Amino acid sequence: MRSTYLPFALPDVGDAELEEIRESLLSGWLTTGSKTRQFEAVFAEAVGARYAVAVNSCTAAMHLALEAIGLKPGDEVITTTYTFAASAEVVRYFDARPVFVDVDPVSLNIDPARIEEAVTERTRAIIPVHVAGLPADLDAIHDIARRHGLIVIEDAAHAFPSVYKGTPIGRASAFTCFSFYPTKSITTGEGGMICTDNEAWAERCRIMALHGISNDAWKRYSAEGSWYYEIIAPGYKYNMTDIAAGMGLAQLRKAEAMWQRRCEIARRYQEAFGGVAFLETPPDRSDCQHAWHLYMLRLNLDQLTIDRAPFVEALKQRHIGVSVHFIPLHVHPYYRETYGYQPEDFPVAYQQYLREISLPIYSKMSDDDVQDVIDAVLEVGARHRLQGVQREPSVSG
Ligand SMILES: Cc1ncc(COP(=O)(O)O)c(C=O)c1O
């Protein structure tokens with residue numbers, strides 16, 4: 001058993017990030033400035049989007065996307081229940097309704113058939129989530145959106161660098177929103193990006209990310225800037241700083257290498273866990289590129305004498321940090337109490353949640369770390385394996 005605790009996630013940051021941050025600090029320009037613009041340009045290029053607007057979180061990115069389309073109180077936005085708080089709370093900001101739908105049991109991504117059933121005359125948008133970095137079924141989602149006049153805002157918090165049937169995630173829908181939280185595939189500490197090909201929407205997001213004041217307000221303390229500005233709407237304070245953007249630039253330069261390492265770790269896990277009776281390994285798709293932000297293992301509980309929570313605890317005792325993705329949104333008190341949801345209203349999401357464990361998968365893991373995780377999972381499973389039903393000893397004579 002390992003003697004030190006292996007964290008569930010660790011950012012891969014070092015000298016390159018420090019150098020960029022140092023440059024930002026020494027430039028005297030700490031907030032949104034040229035590094036942020038540079039980060040936007042390099043990111044837009046990386047995903048093939050026409051416009052990229054850097055903000056301080058993926059949550060802010062999704063909020064601004066919904067603002068840009070003019071979401072109104074009483075409108076409905078269809079999203080998955082199998083996601084993090086952010087994907088639905090941004091809809092509530094408008095007093096609009098997040099309409100949850102169930103997921104595909106294999107991919108855990110939103111089930112397009114369920115989306116179709118949930119569309120009403122109040123539906124304005126769909127927010128699919130690429131869970132773990134495996135692209136959702138965008139062809140089917142876009143087809144529904146087209147037929148019903150809906151806007152697709154991808155929650156791509158997990159999906160850099162994912163590719164859907166040859167198209168990088170970031171250029172396939174009206175909006176794509178990324179996260180650069182410390183656990184994500186590239187990080188800026190806190191940060192996010194809105195990608196869109198629509199100039200008017202990009203402009204609206206940029207303005208609303210900085211108090212709703214006229215464009216290039218961030219330049220007002222620079223030589224080229226002007227003291228004059230106009231407030232065109234009550235905006236937000238969502239801008240990215242140059243300190244964060246510098247970090248992002250360094251991260252983008254090593255994004256490919258970090259992704260390759262995660263793919264290698266995923267391969268080792270798949271080999272070690274494939275065919276193990278008490279485990280179900282996560283799916284991949286030959287027509288897509290998986291970002292492998294998460295490695296979501298599922299327990300075959302009918303093969304085990306313990307549930308997921310003691311399994312997690314046993315891994316923790318072996319100094320392996322793990323997590324659970326996700327506690328479906330409809331199970332949380334706020335959504336239960338507001339909309340009267342019961343756990344079984346979305347049975348696939350709820351049942352899969354009960355069996356899910358996310359294992360560490362990040363570029364700073366050594367081969368020994370990966371082996372430690374494999375050994376711990378197999379050992380805990382073997383120790384709590386359900387042995388076939390024991391027969392009563394037969395009484396003879
Ligand atoms: C699916 C999903 N969407 C959105 C977010 C929010 O990202 P951020 O923390 O950058 O706002 C997360 C964060 O973990 C997430 O997992």
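Student: In which loop does Ala132 lie?
Tutor: This is a predicted model, with residues numbered from 1 along each chain as its sequence is written: local features need pLDDT of at least 70, side-chain atom pairs count only at pLDDT 80 or more, and totals for chains, interfaces and linings use all residues. Side-chain values use heavy atoms, leaving out hydrogens and water. Helices (H or I, at least four residues) and strands (E, at least two) are DSSP runs numbered from the N terminus. Ala132 sits in the loop between β4 (123-127) and α6.

Student: What is phi of Ala132?
Tutor: Most residues other than glycine have a negative phi. Ala132 is not a glycine, yet its phi is positive, near 75 degrees.

Student: Is Ala132 buried or exposed?
Tutor: Buried means under 20% relative accessible area, exposed over 50%, partly exposed in between (1.4 Å probe, protein chains only). The relative accessible area of Ala132 is 6%. Ala132 is therefore buried.

Student: Lys165 has a positive phi too. What is its relative accessibility?
Tutor: Lys165 is in the loop between β6 and β7 (167-168). Its phi is about 45 degrees, although it is not a glycine. Lys165 counts as partly exposed, at 40%.

Student: Which peptide bond is cis in the loop between β5 and β6?
Tutor: Most peptide bonds are trans. The loop between β5 (151-155) and β6 (163-164) holds Pro161. With omega near 5 degrees, the cis bond runs from Phe160 to Pro161.

Student: And what is omega for the bond from His325 to Phe326?
Tutor: Phe326 is found in the loop between α10 and α11 (333-339). The bond from His325 to Phe326 is cis, with omega near -10 degrees.

Student: How far does α9 reach from its first C-alpha to its last?
Tutor: Helix α9 (residues 255-273) has 19 residues. The expected span is 1.5 Å times one less than the number of residues. That gives an expected 27 Å, and the helix reaches close to this, at 27 Å.

Student: Against which elements do the buried residues of α9 pack?
Tutor: The buried residues include Trp259, Tyr269 and Phe273. Contact means heavy atoms within 4.5 Å. The packing partners are α8 (242-253), β10 (279-280), β11 (288-289), β12 (295-299), β13 (356-359) and α13 (367-383).

Student: What is the strand order of the open sheet of 3 strands?
Tutor: Strands pair if DSSP finds at least two bridges between them. β10 and β12 pair in the antiparallel sense over 2 bridges. The edge strands are β10 and β13, each pairing on one side only. The order is β10-β12-β13.

Student: At what angle does α9 run to β12?
Tutor: Axes are lines fitted to C-alpha atoms, for helices over the stretch in contact, and angles run from 0 to 180 degrees between N-to-C directions. α9 lies across β10, β12 and β13. Its angle to β12 is about 15 degrees.

Student: Which residues touch the most other members of the largest nonpolar core?
Tutor: A nonpolar core is a set of buried Ala, Val, Leu, Ile, Met, Phe, Trp, Tyr and Cys residues joined through side-chain atoms within 4.5 Å. This one has 40 residues. Those touching the most others are Phe39, Phe43, Phe178, Ile186 and Met193.

Student: Where does this core lie relative to domain 1 and domain 2?
Tutor: Domain bounds come from an automatic or database domain assignment. Domain 1 (15-253) and domain 2 (255-383) both contribute residues, so the core lies between them.
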